[in-house]
Amino acid sequence: MGKYTIGIDYGTLSGRAVLVDVATGEEIASSEFAYPHAVMDEALPSGKKLGVDWALQHPQDYLDVLYCVVPDVLKQGGVAAGDVIGVGVDFTSCTVLPVKRDGTPLCFLPEYADEPNAYVKLWKHHAAQDKANRITETAEKRGEKWLARYGGKISSEWVFAKIWQILDESPEIYAAMDRFIEAADWIVWQMTGKETRNSCTAGYKALWHKQEGYPSREYFAALDPRLENVVEEKLGTEILPLGSRAGGITPEIAEKTGLTAGTAVAVGNVDAHVCVPAVKISGAGKMLAIMGTSTCHMLLSEKEREVPGVCGYVEDGILPGFYGYEAGQSCVGDHFAWFVENCVPASYKEEAEKEGLPVQVYLQKLAERQKAGESGLLALDWWNGNRSILVDVDLTGVMLGMTLQTKPEEMYRALVEATAFGTRTIIENFEKHGVPVDEFYAAGGIAEKSPFMMQIYSDIIKKPIRISGSKQGPALGAAIFGAVAAGSAAGGYDSVFEAAERMGKLKDTLYVPNEEEAKTYDALYAEYKKLHDYFGQGGNDVMKTLKRIKKAHER
Ligand SMILES: Nc1ncnc2c1ncn2[C@@H]1O[C@H](COP(=O)(O)OP(=O)(O)O)[C@@H](O)[C@H]1O
Ligand SMILES: O=C(CO)[C@H](O)[C@H](O)COP(=O)(O)O
């Protein structure tokens, strides 16, 4: 009798599940549920307006994913619930919410339903940059050693900037919350009835270290005396390693999903990190880019190296026995979606519809007829700030070289190239600081859907690119961790390496650089670097000035 696990990937806009055969990695069924509230970046469900750079979600959407996709994959797969031995979950991160002691989100309570700070702050909520700056400056002043582990700068996307924003703007919400928790851990709590915290989000997003724990009380008090005991009062101090069993499915969730009560649930994981075993990476030097709404770059190394501008490195943060490095670009697919929504004429949309193609695929079809440099355009990929290597959410986009002849497909291609130049900058930065990148792998919606983009990436980074064998790399990764949480006694695995070997997969496709295109791109990249340093490293702060003027209109 076969054994199966279910992996659930909570992305930016939807949750996706796969039902996987534990022995072979075969994906028997998959299902997707789009969040009804999507990303709330303009208003709450009540219509209450949100400020600049806010990005919230509704936790009810996460529960609805569970109730929809799990029964669906069980039904499609025709698998008996008793043969599902484990469930794994991954989430975007740092996506965090304030909850009561029993796990009830504050935004579920009528008295807080109209209070923005009571909702889930999505990873791309960028409205706490002032807090992030003070977190970094205070750490610098106090000579905090941990700062170097995070590339020298703490992001506004992470836990302490977000919780401090709540404390400052809505002290009553801060007082009312008993816990501040990653959505990854919250959904596992809902499934098992037990609060757990995973080492991945704690390490990358909450400054936690396996030996040293969190930063000291003195440090938090130096930020704001009201934060002195933030760790003990609002976070958890018991952190479980990846692959651990968080608990078993509760009878209530069993009834709502069709799973068997007691089925093993793995501790939460992050959508990017979880994907590494899904592409069979088990050692140093192989960079995996998970390319979707944003891109995360994951890299293992046996060595501990301080690399400025990366998101951070965490020992055992991706796979046990390695330092797991993370870098990222906060706007990749989001660029393209923005472009389609805002900059494509009706005539293009009509033509795409006539050809039965999604608008992005139609644009790609037109853009691939061009050669590198032919449009005369060059863009900076900062439509949602810059995560690595500048760690600055106040940077914005640039498109240079436009004329009256410029066409939408050329602008679209320039945005694609800009994101690839951003990735090359990240690779070169790792290599310059002693963490080699010998091979490049890609997963996520873009790697799956766009050969056009993967070829441009290969030409720009000048490396061959291997592609995830699963359309749902993160969900497969979550299913792998579900099999490890179940353990060999239940028909799963005791080691993530063994599980990855059996369940992970790669496509046969290999994208190799085209030498001529790569040469032209070298020249364009040199110009990109000049713009990158000029606008991104203080040569001209015009982007920040414009943002300040824009913010003044909020008042
Ligand atoms: N054909 C396509 N080519 C390139 N990008 C695409 C295409 N279709 C959708 N996208 C982009 O993929 C992104 C979503 O990626 P996906 O990996 O599915 O989700 P998530 O990042 O939420 O996990 C969107 O931002 C969208 O712009
Ligand atoms: O920072 C992250 C991981 O560390 C986020 O989860 C990520 O950037 C959002 O992912 P996606 O683009 O797949 O929605």
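Helices and strands are runs assigned by DSSP and numbered from the N terminus, a helix having at least four residues and a strand at least two. With that numbering, His 273 can be placed in the loop between β13 (269-270) and β14 (286-291). The model on display is predicted, and the tour starts at this residue.

**Stop 1: His 273**

Select His 273. Is His 273 buried or exposed? Its relative accessibility is 1%, and a residue counts as buried under 20%, so His 273 is buried. Next, display its neighbours, leaving aside residues up to four places away in sequence. His 273 then touches Cys 200, Tyr 204, Met 298, Gly 317, Ile 318 and Glu 326.

**Stop 2: the whole chain**

Zoom out until the full chain is visible. The chain contains 19 helices and 22 strands. Its C-alpha atoms fill a box of roughly 65 × 55 × 50 Å along the principal axes. For 555 residues, a compact globule would be expected to have a radius of gyration near 24 Å, and the value of 23 Å for the chain agrees with this.

Colour the residues by accessibility. Of the 555 residues, 61% count as buried. The exposed surface of the chain amounts to about 20800 Å², with 49% of it supplied by carbon and sulfur atoms. Consider also the contacts between residues at least 6 apart in sequence: 72% of them join residues at least 24 apart.

Now colour the charged side chains. There are 58 positive and 77 negative ones, and the centres of these two sets lie 2 Å apart.

**Stop 3: helix α2**

Select residues 129-141, which form helix α2. At 1.5 Å a residue, its 13 residues should span 18 Å; the end C-alpha atoms are 18 Å apart, so the two values agree. Which residues of α2 are buried? They are Gln 129, Lys 131, Ala 132, Ile 135, Thr 136, Thr 138 and Ala 139. An α-helix has 3.6 residues a turn, so residues three or four places apart point the same way. To see what covers the buried residues of α2, display α3 (159-169) and α7 (217-223), against which they pack. Just after the helix, Gly 143 has a positive phi of about 65 degrees.

**Stop 4: helix α5**

Move to residues 183-192, helix α5. Nine of its ten residues are buried, so the rest of the structure largely encloses this helix. Among the buried residues are Trp 186, Ile 187, Val 188, Trp 189 and Met 191. Gly 193 follows α5 and has a positive phi, near 75 degrees.

**Stop 5: helix α16**

Select residues 473-486 to show helix α16. From first C-alpha to last, its 14 residues reach 20 Å, close to the 20 Å expected at 1.5 Å a residue. How many residues of α16 are buried? The count is 14 of 14. Gly 487, just after α16, takes a positive phi of about 80 degrees.

**Stop 6: two exposed loop residues**

Select Ser 46, in the loop between β3 (27-34) and β4 (56-57). Its relative accessibility is 51%, and exposed means over 50%, so Ser 46 counts as exposed. Then add Asp 114 to the selection. Ser 46 and Asp 114 are 68 residues apart in sequence, while their C-alpha atoms are 6.7 Å apart in space.

Continue to Pro 110, in the loop between β6 (96-99) and β7 (120-121). Pro 110 is exposed, with a relative accessible area of 69%. Its C-alpha atom is separated by 20 Å from that of Asp 64, and the two residues are 46 apart along the chain.

**Stop 7: backbone details**

Where are cis peptide bonds to be found? One runs from Ser 93 to Cys 94, with omega near 5 degrees. Cys 94 belongs to the loop between β5 (84-91) and β6. Another joins Ser 388 and Ile 389, with omega about 5 degrees; Ile 389 is in the loop between β18 (378-380) and β19 (398-400).

Finish with two residues that have a positive phi without being glycine. Ala 38, in the loop between β3 and β4, has a phi of about 45 degrees. Ala 38 is partly exposed, at 26% relative accessible area. Asp 316 has a phi of about 60 degrees and is found in the loop between β16 (312-315) and β17 (323-329). At 22% relative accessibility, Asp 316 also counts as partly exposed.

Note on methods:
Residues numbered from 1 in each chain as written. Chains lettered and ligands numbered in written order. Predicted model: local features only at pLDDT ≥ 70, side-chain atom pairs only at ≥ 80, totals over all residues. Heavy atoms only, no water. Rg over C-alpha atoms; globule rule 2.2 N^0.38 Å. Buried < 20%, exposed > 50% of the residue type's maximum accessible area, 1.4 Å probe, protein only. Contact = heavy atoms within 4.5 Å. Areas by Shrake-Rupley, 256 points an atom, 1.4 Å probe, with all protein chains shown as cover. Lys, Arg positive; Asp, Glu negative; His and termini not counted. Charge placed at Lys NZ, Arg CZ, Asp CG, Glu CD. Expected span 1.5 Å × (residues − 1).
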